[in-house]
Amino acid sequence: RETGLYESEMVFYVQRGSRQLLLVGEVERDGDVCSFDNAEPVELWQSPEELRADLRMDVMGTVMKEMRQNQASWSAATAARAVLKTATITAKRSAKETLEEIAACWERPPICTSIVIMFWQRYLEKIAAILPPPDPYALPGEILSAGDKVMYWSASFQKWCEGVVQERKEDPHGVTLCYNLDVKLGALPCNVRRADKGVLDCSKKAVDLIMRYMPLKADRALPGDLLKTMKDSTWACVQQVPIIFRQSMLPAPAPMTFQQTAAVYAPPQPSRQSP
């Protein structure tokens, strides 16, 4: 078996009648399907409604990329730590210190529950750093000066970027036309905002989200701890695949009759002219 983060394509089957989801096989790298002798029942855990209402697939892709780059193999030492130490997150003096302790658990060798915890905590940390896009109809904000730290909305990447004002351009009446930033020249004023300390440091918002949806240390949480925490955090266990479309028997259409009518075409007769 390969080391690090193991990824696979699994084959599932929805059992007719009970609608239970069963794991029946795995797709190997060469494309062959390895079927299991006994099908294994599978439970799907659905994220809380307010969280899945606006899931960001692009952010999830970024998280998966980071996890592939910083992966470690399963560790017996981590398993022992899970048995001997509590997985509860303890708040530190500041949100930044708390987030650093949470993130430190991502770098340690994982156990079976670590992947789930790390994925969602990384996702929540990135979601906390996302600010809403600017309002193009908003009134002009405060005038910024050279050296001010700002947040610039990149329309190309659809996200806020940190930057520093290098120059302010104005018209003869003193109205700001644009800003030259270290990351963008000619940035429109509506796409630039001052980067207050609370904007640059999103630690508090990230910790609040993690404590609400996945408050566990990734390097020491047992399966029972994870299941209990998800239940307490309003995750929903889906044991039966819901029926989205019900089969229905439509009556056979009545036979249709067509009547053909033949049109007789009579060419016009030439007119007789008197001599």
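Here are legends for four views of a predicted model.

**View 1. The whole protein chain, with its eight helices and nine strands.** Start here to get your bearings. The chain has 275 residues, and 29% of them are buried. Take the contacts between residues with a separation of 6 or more: 59% of these link residues 24 or more positions apart. The accessible surface adds up to about 19,700 Å², and carbon and sulfur atoms hold 55% of that.

**View 2. A nonpolar patch on the surface.** Three residues, Met10, Phe12 and Phe36, come together here to make a patch of about 240 Å². Zoom in on Phe36 and you'll find yourself in strand β3, which runs over residues 33–41. Is Phe36 buried, partly exposed or exposed? Phe36 counts as partly exposed because its relative accessibility is 31%, and the partly exposed range lies between 20% and 50%.

**View 3. Arg19 and its positive phi.** Now look at the loop that joins β1 (9–14) to β2 (21–27), where Arg19 sits. Arg19 isn't a glycine, yet its phi is positive, near 60 degrees. That's worth a second look because most residues other than glycine have a negative phi. With a relative accessibility of 28%, Arg19 counts as partly exposed.

**View 4. Thr234, another residue with a positive phi.** Where is Thr234? You'll spot Thr234 in the loop between α8 (223–232) and β9 (236–238). Its phi is about 65 degrees, though Thr234 is no glycine either. Thr234 counts as exposed because its relative accessibility is 52%, and exposed means over 50%.

Conventions
Residues are numbered from 1 along each chain as its sequence is written. This is a predicted model: local features need pLDDT of at least 70, side-chain atom pairs count only at pLDDT 80 or more; totals for chains, interfaces and linings use all residues. Side-chain values use heavy atoms; hydrogens and water are left out. Patches are made of residues with over 30% relative accessible area and no salt bridge: like charges are joined within 9 Å, nonpolar side chains (Val, Leu, Ile, Met, Phe, Trp, Tyr) within 5 Å. Accessible areas come from the Shrake-Rupley method with a 1.4 Å probe; for residues, only the protein chains shown count as cover. A salt bridge is a side-chain nitrogen of Lys or Arg within 4 Å of a carboxyl oxygen of Asp or Glu. Helices (H or I, at least four residues) and strands (E, at least two) are DSSP runs, numbered from the N terminus. Buried means under 20% relative accessible area, exposed over 50%, partly exposed in between (1.4 Å probe, protein chains only). Contact means heavy atoms within 4.5 Å.
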